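Student: Please take one part of this model and look at it closely: the ligand and what surrounds it. Then work outward to the rest of the chain.

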Amino acid sequence: MAERAALRCCLGWDFSTQQVKVVAVDTELNVFYEDSVHFDSDLPEFGTQGGVHVHKDGLTVTSPVLMWVQALDIILEKMKASGFDFSQVQALSGAGQQHGSIYWKAGASQVLKNLSPDLPLHQQLQACFSISNCPVWMDSSTTAQCRQLEAAVGGAQALSCLTGSRAYERFTGNQIAKIYQQNPEAYSNMERISLVSSFAASLFLGSYSPIDYSDGSGMNLLQIQDKVWSQACLGACAPHLKEKLGPPAPSCSVVGAISSYHVQRYGFPPGCKVVAFTGDNPASLAGMRLEEGDIAVSLGTSDTLFLWLQEPMPALEGHIFCNPVDAQHYMALLCFKNGSLMREKIRDESASCSWSEFSKALQSTEMGNGGNLGFYFDVMEITPEIIGRHRFNAENHEVSAFPWDVEIRALIEGQFMAKRIHAEGLGYQVMPKTKILATGGASHNRDILQVLADVFSAPVYVIDTANSACVGSAYRAFHGLAGGMDVPFSEVVKLAPNPRLAATPRPRASQVYEAILPRYAKLEQRILSQTWGLPE
Ligand code: XUL
């Protein structure tokens with residue numbers, strides 16, 4: 001007899017850059033089991049650093065595919081050894097680091113289908129891959145292929161309108177093009193190409209899992225409106241690509257039942273459903289339970305925004321993906337490079353290295369900062385491409401310095417105004433029911449969160465996202481189990497713990513910032529034009 005009553009549950013997996021992680025979530029949406037296997041420390045024989053190999057050129061970054069397979073073997077064995085009751089798993093889903101790709105050799109599907117439950121997966125799949133070191137999202141070696149792809153479809157903006165992003169080195173289509181150009185033999189010898197997400201799903205299915213729409217949007221190949229592979233993009237990357245990718249599938253679809261391998265070896269029930277795996281960022285959106293109009297702000301080394309979008313406006317910056325929990329909608333990802341390091345620098349320079357002094361400055365200055373605005377980009381920013389510090393007074397004259405407290409408010413207001421402006425540039429709209437979900441280091445500072453609430457005129461909630469891709473995957477498994485597309489995701493996850501309210505906008509906030517936001521946008525445009533010598 002098990003010590004405690006067996007819990008019916010779903011599993012959420014995360015195949016991230018550094019580890020494979022799993023959580024088990026019961027039907028009341030409590031996480032009751034967690035485990036992980038770290039590539040560097042648990043599988044030292046692969047010699048990775050941070051889960052990857054950075055090649056001599058400094059641009060190529062890969063991970064050994066068999067390391068991922070073996071990590072799954074180890075974690076399943078650990079669960080079994082701990083007495084985990086697999087027979088109660090109703091469904092499972094998972095997340096994979098985005099963009100990475102796996103190349104299955106001709107004949108591999110037969111091996112997958114006929115696995116012996118007496119042996120671990122990695123021993124049986126050794127000869128199944130035509131590329132043993134897979135390109136991952138940190139790879140930036142495909143600039144030539146990016147330019148070729150953009151040229152083939154009529155330019156960067158045209159590619160973005162079609163696929164949600166201009167060409168990026170890490171996006172899978174460009175990686176496939178490089179493999180085809182440099183290693184045509186390996187290319188012609190592969191029967192299937194998977195993303196990390198669909199590869200991981202395939203290991204549970206015992207057959208090839210389709211690529212889901214949401215992670216598929218990170219390839220520069222999928223038409224995000226029509227949800228079909230773009231002939232023009234496929235043709236520009238490599239021949240016969242459509243067959244090798246297989247048809248894409250809705251993110252919340254059940255892609256099949258777990259393979260008899262897992263039933264026999266671990267005791268999964270034969271009816272355990274596999275819900276399409278997706279990318280780690282889409283899975284995090286599910287884990288954070290983002291809804292229409294919501295925005296998640298991760299305040300880390302770089303600041304990242306996750307947006308829920310209804311009407312996407314693809315641009316030359318940011319990425320638009322199909323939404324993983326609602327097939328009609330979209331999500332976007334925006335990255336701002338000057339995040340925590342910039343805040344810490346200004347804290348050291350203007351607040352004697354003290355966060356409490358920094359907070360005092362935010363408390364003692366007014367919303368709108370008396371009309372003073374600042375741009376602080378010590379490293380070349382991505383959104384937008386500007387470098388340097390630029391300060392303007394209420395008359396839009398550039399000034400060389402601000403008083404210490406004005407400097408601090410200018411930094412924080414500027415960082416959040418930029419986020420709102422660039423989010424709106426992708427089609428985002430603040431709605432009456434908008435929530436802002438804040439995570440990361442700076443989300444512990446209430447005064448910073450107050451500015452965030454004021455600039456967006458929306459309440460700010462704090463959440464812990466350490467496990468959000470994994471927990472989001474378990475939530476998505478419940479969603480698929482409940483019927484996927486026919487059931488709103490929010491219904492399925494309504495029992496999950498609520499985020500904590502941290503700040504509400506002050507009464508005059510919307511008035512103040514609605515007046516300043518267009519000024520900030522104009523000045524940003526002015527700096528951009530000056531930086532790149534463009535007409536204003
Ligand atoms: C997103 C991206 C990374 C990876 C990390 O475009 O490249 O966030 O998904 O795992």
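Tutor: First, one cut-off: two residues are in contact when heavy atoms of theirs lie within 4.5 Å. The model is predicted.

Start at the ligand. Its surroundings consist of Gln-97, Gln-98, His-99, Trp-137, Arg-170, Asp-280, Asn-281 and Leu-333. By class, that shell splits into four polar, two charged and two nonpolar residues. Trp-137 and Leu-333 are the nonpolar pair, and Arg-170 and Asp-280 are the charged pair.

Now the polar contacts. Asp-280 puts a side-chain N or O atom 2.5 Å from a ligand oxygen. His-99 also uses its side chain, with a polar atom 2.7 Å from an oxygen of the ligand. Gln-98 works through its backbone instead: an N or O atom there lies 3.1 Å from a ligand oxygen. On its own the ligand has 290 Å² of accessible area, and the protein covers 85% of that.

Follow Asp-280 along the chain. Helix α14 spans residues 280-287. What share of α14 is buried? Six of its eight residues are, so the rest of the structure largely encloses the helix. Those six are Pro-282, Ala-283, Ser-284, Leu-285, Ala-286 and Gly-287. Beyond α14, Arg-289 has a positive phi, near 55 degrees.

Helix α9, residues 196-205, goes further: 10 of its 10 residues are buried, so it too is largely enclosed by the rest of the structure. An α-helix has 3.6 residues a turn, so residues three or four places apart point the same way. In α9, burial takes in Val-196, Ser-197, Ser-198, Phe-199 and Ala-200, and also Ala-201, Ser-202, Leu-203, Phe-204 and Leu-205. Just past this helix, Gly-206 takes a positive phi of about 75 degrees.

Next, the records. An unreviewed UniProt entry places "domain: Carbohydrate kinase FGGY N-terminal" at residues 131-287. That span is 48% helix and 14% strand, and its end C-alpha atoms lie 32 Å apart. UniProt also lists "domain: Carbohydrate kinase FGGY C-terminal", again in an unreviewed entry, at residues 296-479. Here the chain is 36% helix and 22% strand, with 21 Å between the end C-alpha atoms.

Back to the chain just past His-99. Ser-101 lies in strand β7, residues 101-105. Is Ser-101 buried or exposed? It is buried, because its relative accessible area is 0%. Its side chain makes a 2.7 Å polar contact with that of Tyr-103. Leaving out residues up to four places away in sequence, Ser-101 touches Cys-134, Pro-135, Thr-172, Gln-175, Ile-193 and Ser-194. Met-219 is 118 residues away in sequence from Ser-101, yet 9.7 Å away in space, C-alpha to C-alpha.

Cys-134 and Pro-135 lead on to Thr-62, which contacts both of them. Thr-62 sits in strand β5, residues 61-64. It counts as buried because its relative accessibility is 5%, and the cut-off is 20%. Beyond its neighbours within four places in sequence, Thr-62 also contacts Val-52, His-53, His-55, Asn-133 and Val-136. With His-55 there is a polar contact as well: the two side chains meet at 2.7 Å.

Two more residues fill in the picture. Arg-265 belongs to helix α13, residues 260-266. It is charged by type, yet it counts as buried because its relative accessible area is 14%. Where does its side chain reach? It comes to 2.9 Å from the backbone oxygen of Pro-117. Outside its own stretch of sequence, Arg-265 touches Glu-77, Lys-80, Pro-117, Asp-118, Leu-119 and Pro-120.

Last, Thr-27. It lies in the loop between β2 (19-26) and β3 (31-38). At 46% relative accessible area, this threonine is partly exposed. Its contacts, not counting residues up to four places away in sequence, are Arg-8, Phe-478 and Leu-495. Cys-10 is 17 residues from Thr-27 in sequence; their C-alpha atoms are 7.9 Å apart.

Key
Residues numbered from 1 in each chain as written. Predicted model: local features only at pLDDT ≥ 70, side-chain atom pairs only at ≥ 80, totals over all residues. Heavy atoms only, no water. Near = heavy atom within 4 Å. Polar contact = N/O pair within 3.5 Å; in protein donor to acceptor, adjacent residues only side chain to side chain. Areas by Shrake-Rupley, 256 points an atom, 1.4 Å probe, with all protein chains shown as cover. Helix = DSSP H or I, 4+ residues; strand = E, 2+ residues; numbered from the N terminus. Buried < 20%, exposed > 50% of the residue type's maximum accessible area, 1.4 Å probe, protein only. UniProt positions renumbered as here; feature names shortened; annotations may be inferred.
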